Amino acid sequence: MRLIDRFANDSRGSVALIFGLMLVPLVVAAGVGIDYARAAKLRTAVQSTVDSAALAGASAYSNPSFATTAQTLAGNYVTNGTNALLSQITLGTTTVTPGTLTSGSNVTAYTMSVSVSATVPTTLMALFTSTMTIHASATAKNPIVTATVGLSGWKSSACDTNTVYWYPVPSDNSIPPQSSMTQMFTNSGGTNPTSIPISISASQKIGFAFKNVTGGQCGYGSNQYGGAQGSTHWFYSSQSPPNGSAYGSTATKDCSLQTLKGTTDKHGVVSFPTPKVQCFTSASKPTMASVLTNAAPSCASLNGSSYQYVWNDMGGTTDDQDYNDGVYTYSCTGGSGSGNGTSTTGVVLTN
């Protein structure tokens, strides 16, 4: 009995016994923490890929005809972004869904939703489960904004007939079909509007086409570039140079367009610099590029700035290079973000 009492009252080694009993849950807890931290890190990487995919898809989804192309682009972003993680995760379901936001019967934005699920193998948690599942999702929207062309009662004294159109720039930057062009103004008679609102998605590039008819207002024969009396020449702001399709190799100079960025004073008045009285040759391409900034912009790329477009019709027996044969301003409002005090444009994540 004394032996039993001594054993019952002996506390030596109790710490080791308690430690031994606690060791298993401590190891399990540490393993759980390590596995959860690893899964969280991988989910952050997947989420970043999903965010980029949604933004890229929404940016490409600038009009309804681009829905499939934009969907494929977003899917490729997911594939490329997760390739580096495939040694650590197993991809499950990936969904990429284009959609629209509406207000009544009007579309207010094009959207791209991307969702990805994946499994992550566990280490110490493998005693209880072999994998952990992670999910990441994002939706980005490409808002419908208003681009405004300000004509300010423009009049032209050109001897040629000049007409200006706007068009959505094709996704491959090719010359647009005439069926996609909308006339803005002309000097061939009639009343021109003082401004033109254009409802369009924030990422859709807008170009301007300048149609020139040699001697359309007063005959003078062929112009200095070989254009015969009554011949038609098209200039496109989305092409570089804009007159490249008008005369081909006949005209070695570009004297057709300059774009001038406006500055806004404290009273909100926008002013523009004076156009350069000069032509731009292939040797001065960097100079030409500088005067064609945002010649075919999306509203998002303007970031709230206003631009003035000044066209020279390259007509006459000599070119006066006056850049007053078509003059108008271009700006955008709506969407998200700001620039120069004006709410404007941008493809953004909504969740």
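Biologist: How many helices and strands are there in the protein?

Modeller: This is a predicted model, and in it the protein has 6 helices together with 18 strands. Across the 351 residues of the protein, 42% count as buried.

Biologist: How should I read the contacts, and what share of those with a separation of 6 or more comes from residues 24 or more positions apart?

Modeller: A contact can be sorted by how many positions separate its two residues along the chain. Among the contacts in this protein with a separation of 6 or more, 67% are made by residues 24 or more positions apart.

Biologist: What does the protein expose, and which atoms supply 55% of it?

Modeller: The exposed area of the protein comes to about 17500 Å², and carbon and sulfur atoms supply 55% of that area.

Biologist: Let us turn to the backbone, where I am unsure what to look for in a peptide bond.

Modeller: The general idea is that most peptide bonds are trans, and that most residues other than glycine have a negative phi. In this structure, the bond that joins Ser-240 and Pro-241 is cis, with an omega of about 0°. Pro-241 is placed in the loop that runs between strand S8 (232-236) and helix H4 (244-247).

Biologist: Which residue has a positive phi of about 50° although it is not a glycine, and where does that residue lie?

Modeller: That residue is Asn-303, and its place is the loop between helix H6 (299-302) and strand S14 (307-311). Asn-303 counts as partly exposed because its relative accessibility is 48%, which falls between the limits of 20% and 50%.

Biologist: Is Met-314 buried or exposed, and what is its phi?

Modeller: Met-314 also is not a glycine, and its phi is positive at about 55°. Its position is in the loop between S14 and strand S15 (326-333). With a relative accessible area of 0%, Met-314 is buried, since the term applies under 20%.

Biologist: Finally, how do I read a pocket, and what is the volume of the largest pocket?

Modeller: A pocket can be read by its volume and then by the residues that line it. The largest pocket here has a volume of about 210 Å³. Its lining is made of 13 residues, of which Ala-60, Ser-62, Phe-66, Pro-170 and Ser-171 are the closest to the centre of the pocket. Helix H2 (14-60) and helix H3 (67-82) are the elements that give two or more residues to this lining.

Biologist: How many residues of that lining are nonpolar, polar and charged?

Modeller: The lining of the largest pocket divides into 5 nonpolar residues, 7 polar residues and 1 charged residue.

Note on methods. Residues numbered from 1 in each chain as written. Predicted model: local features only at pLDDT ≥ 70, side-chain atom pairs only at ≥ 80, totals over all residues. Heavy atoms only, no water. Helix = DSSP H or I, 4+ residues; strand = E, 2+ residues; numbered from the N terminus. Buried < 20%, exposed > 50% of the residue type's maximum accessible area, 1.4 Å probe, protein only. 1 Å grid on protein atoms, 1.4 Å probe; cavity = no way out; pocket = protein on both sides within 12 Å on 5 of 7 lines; lining within 4 Å. Points joined across faces, edges and corners; volume = space filled by probe spheres on them. Nonpolar A, V, L, I, M, F, W, Y, C, P; charged D, E, K, R; others polar. Contact = heavy atoms within 4.5 Å. Areas by Shrake-Rupley, 256 points an atom, 1.4 Å probe, with all protein chains shown as cover.
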